[in-house]
Amino acid sequence: MYLLYADDSGVSSDPNVKYSVLAGFATFENQTFWIQNAVNEIMKAHIGRADLELHASPIRSGKGIWRGFSKDKREAILIETLQYIRNNYPRQFILLAQ
């Protein structure tokens, strides 16, 4: 069975919003263990912990809990996570975007 993660950014019905994005990925259920382990290792390498949710907007802007981490560390987490996805596509991920 495949699992799907999807998220959106922007409001398509708001004429003042320039962009609206829907994106996500599908992965086979037995891949979640390996994906989570890889993400945990990325987090531990950069901030010494793996118990925070990865949401690009707060990480990038340094909002909330992410305020306590340097911009360099936050950017490194995002870059390395995206590199992991790129390096494991399409073996682990089927990417979706609109």
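Start on helix H3 by selecting Lys71, Asp72, Leu82, Arg86 and Asn87: these residues are exposed, on the other side of H3 from its buried ones. Keep in mind as you look around that this is a predicted model.

**Stop 1: the two sides of H3**

Now select the whole of H3, residues 71-87. The helix has 17 residues, and from its first C-alpha to its last it reaches 24 Å, close to the 24 Å expected at 1.5 Å a residue. Next, colour Arg74, Ile77, Thr81 and Tyr84, the buried residues of H3. Turn the view until you look down the helix axis: the buried residues fall within an arc of 95°, so they line one face of H3. What lies over them? The cover of these buried residues includes H1 and H2.

**Stop 2: the largest nonpolar core**

Stay with Tyr84 and add Met43, Ile47, Leu52 and Trp66 to your selection. Among the 13 residues of the largest nonpolar core, these five touch the most other members. Helix H1, residues 32-47, and H3 are the elements that give two or more residues to this core. H1 supplies the largest share, with 6 residues.

**Stop 3: Leu52**

Centre the view on Leu52, which you will find in the loop between H1 and helix H2, residues 56-61. Is this loop residue buried or exposed? Leu52 counts as buried because its relative accessibility is 15%, and the cut-off for buried is under 20%. Which residues does Leu52 touch, leaving aside those up to four places away in sequence? Show Met43, Ile47, Ile65, Trp66 and Phe69, and you have them. For a distance to try in your viewer, pick the C-alpha atoms of Leu52 and Ile65: they are separated by 8.4 Å, while the two residues are 13 apart along the chain.

**Stop 4: a cis peptide bond**

Move along the chain to Pro90, in the loop between H3 and strand E3. Zoom in on the peptide bond from Tyr89 to Pro90, which is cis, with omega near 0°.

**Stop 5: the paired strands**

Finish with the strands. Select E1 (residues 2-9) and E2 (residues 21-28): they run antiparallel and are joined by 8 bridges. To see one pairing, highlight Leu4 and its bridge partner in E2, Ala26. Then add E3, residues 94-97, which runs antiparallel to E2 and is joined to E2 by 4 bridges. Here you can highlight Gly24 with its bridge partner in E3, Leu96. As you rotate the strands, remember that in a regular strand the side chains alternate between the two faces of the sheet.

How values were computed: Residues numbered from 1 in each chain as written. Predicted model: local features only at pLDDT ≥ 70, side-chain atom pairs only at ≥ 80, totals over all residues. Heavy atoms only, no water. Pairing = 2+ DSSP bridges. Core = buried A, V, L, I, M, F, W, Y, C linked by side-chain atoms within 4.5 Å. Buried < 20%, exposed > 50% of the residue type's maximum accessible area, 1.4 Å probe, protein only. Contact = heavy atoms within 4.5 Å. Expected span 1.5 Å × (residues − 1). Arc of directions from axis to C-beta.
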